[in-house]
Amino acid sequence: MERWSGRVAVVTGASAGIGAAIAQELVKKGLKVVGLARRVERVQELETDLKSEPGQLFPLKCDVTKEHEVKEAFKWIDSSLGGVDILVNNAGVASDNSLSEGPVEHWRSILDLNVLALSICTKEALQSMKGRGLDDGHIVHINSIAGHGFPTRLFMYAASKHAVTALTEGLRRELVNQKSRIRVSSVSPGRVKTEIVTASKMRSITPENLYSNNPYLEARDVAEAVLYVLGTPPHVQIQELTLIPVGEGF
């Protein structure tokens with residue numbers, strides 16, 4: 001990770017859970033980390049906690065489902081910090097909806113955040129990288145084992161994560177065709193103890209029945225996986241990294 005010290009990373013959904021853990025670990029490695037979140041006050045609290053670390057956290061309020069806010073955020077990053085070197089697409093949402101009954105607005109919120117917002121942030125990051133002639137940037141998608149054929153009750157969520165799997169490979173092929181050495185990686189964890197159940201306002205799934213009798217990862221476990229992916233030599237492409245807790249029953 002030494003070669004990334006002093007460089008700029010953007011982490012979406014940095015206010016809690018996996019995003020906050022990734023932002024924290026990157027700051028500890030000496031990076032300038034822009035934490036995008038709607039609940040920016042929580043990123044600001046994390047910024048205070050990290051004041052003594054070698055890097056720096058820059059909280060930035062941004063709803064990544066709104067393209068104009070994403071564009072403004074990346075414009076600020078380009079003008080204030082010189083551009084993006086790493087993008088971690090972490091923001092995501094789930095919902096315990098039905099494919100036969102909906103409601104449609106739940107489907108839309110999942111696809112807007114998990115697929116379209118991820119794609120818009122990726123486009124803006126690539127433009128920042130290519131506009132500076134950067135050829136060693138890295139884009140990391142926080143995916144899920146639900147994106148690889150694993151059974152789940154959250155079928156639209158699983159569909160959105162299958163899309164992330166396809167988008168990872170599609171972008172890799174685009175970059176190869178462009179003779180670019182910018183890397184793109186998918187990190188797919190199993191069950192992770194985060195606030196996603198509460199934040200997604202699920203009705204049939206509660207934190208208690210999800211975590212009390214099931215093995216799970218901690219957010220920091222996923223952050224460590226991201227550090228591994230970023231820390232590989234520039235000629236190494238980690239296309240997919242899957243991590244699950246020991247005893248995972250999916």
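Is Lys179 buried or exposed? I began with this residue, and I note at the outset that the model is predicted.

**Entry 1. Lys179**

I located Lys179 in the loop between helix 5 (155–177) and strand 6. Lys179 has a relative accessibility of 71%, so I record this residue as exposed, the cut-off being over 50%. I then looked up its backbone: phi of Lys179 is near 60°, a positive value in a residue other than glycine. Most residues other than glycine have a negative phi.

**Entry 2. The whole protein**

I took the secondary structure next and found 8 helices and 7 strands. The radius of gyration is 17 Å, close to the 18 Å that the globule rule gives for 250 residues, so I note the protein as being as compact as a globular protein of that length. Along the principal axes, the C-alpha atoms fill a box of roughly 45 × 45 × 35 Å.

I looked up burial and surface together. Of the 250 residues, 51% are buried. The accessible surface comes to about 11700 Å², and carbon and sulfur atoms account for 53% of that area.

For the contacts, I considered pairs of residues at least 6 apart in sequence: 72% of these contacts join residues at least 24 apart.

For the charges, I found 29 positive and 29 negative side chains. The centres of the two sets lie 3 Å apart.

**Entry 3. Helix 8**

I looked up the span of helix 8, which covers residues 219–231 and has 13 residues. From its first C-alpha to its last, helix 8 reaches 19 Å, close to the 18 Å expected at 1.5 Å a residue.

Which residues of helix 8 are buried? I list Ala219, Val222, Ala223, Ala225, Val226, Leu227, Val229 and Leu230. I then asked what these buried residues pack against. The partners are helix 1 (17–28), strand 4 (86–89), strand 5 (138–142), strand 6 (183–189) and strand 7 (240–243).

**Entry 4. Phe74 and Glu124**

I treated these two residues as a pair. Phe74 lies in helix 3 (residues 67–81), and Glu124 lies in helix 4 (residues 104–131). How far apart are the C-alpha atoms of Phe74 and Glu124? They are separated by 6.7 Å, although the residues are 50 apart along the chain.

Phe74 has a relative accessibility of 2% and therefore counts as buried, the cut-off being under 20%. Glu124 is also buried, with a relative accessible area of 9%.

Leaving aside neighbours within four places in sequence, I found Phe74 in contact with Val10, Val84, Leu87, Cys121, Glu124 and Ala125. With the corresponding neighbours of Glu124 left aside, its contacts are Val70, Lys71 and Phe74. The pair thus appears in both contact lists, with Glu124 among the contacts of Phe74 and Phe74 among those of Glu124.

**Entry 5. Lys130**

I remained in helix 4 and looked up Lys130, which is found there. At 40% relative accessibility, Lys130 counts as partly exposed. Apart from neighbours within four places in sequence, Lys130 is in contact with Leu175, Gln178 and Ile182. I also took the separation of Lys130 from Ser186: the two are 56 residues apart along the chain, and their C-alpha atoms are separated by 21 Å.

**Entry 6. The loop between strand 4 and helix 4**

I looked up two residues of this loop, Ala94 and Pro103. Ala94 is buried, with a relative accessible area of 3%. The C-alpha atoms of Ala94 and Pro54 are separated by 34 Å, and these residues are 40 apart along the chain.

For Pro103, I turned to the peptide bond that precedes this residue. The bond from Gly102 to Pro103 is cis, with omega near 5°. Most peptide bonds are trans.

**Entry 7. Glu47**

I placed Glu47 in helix 2 (residues 40–49). Which residues is Glu47 in contact with, leaving aside its neighbours within four places in sequence? I found Leu57 and Pro59. I closed with the separation of Glu47 from Leu167: the two are 120 residues apart in sequence and 32 Å apart in space, C-alpha to C-alpha.

Methods
Residues numbered from 1 in each chain as written. Predicted model: local features only at pLDDT ≥ 70, side-chain atom pairs only at ≥ 80, totals over all residues. Heavy atoms only, no water. Helix = DSSP H or I, 4+ residues; strand = E, 2+ residues; numbered from the N terminus. Rg over C-alpha atoms; globule rule 2.2 N^0.38 Å. Buried < 20%, exposed > 50% of the residue type's maximum accessible area, 1.4 Å probe, protein only. Contact = heavy atoms within 4.5 Å. Areas by Shrake-Rupley, 256 points an atom, 1.4 Å probe, with all protein chains shown as cover. Lys, Arg positive; Asp, Glu negative; His and termini not counted. Charge placed at Lys NZ, Arg CZ, Asp CG, Glu CD. Expected span 1.5 Å × (residues − 1).
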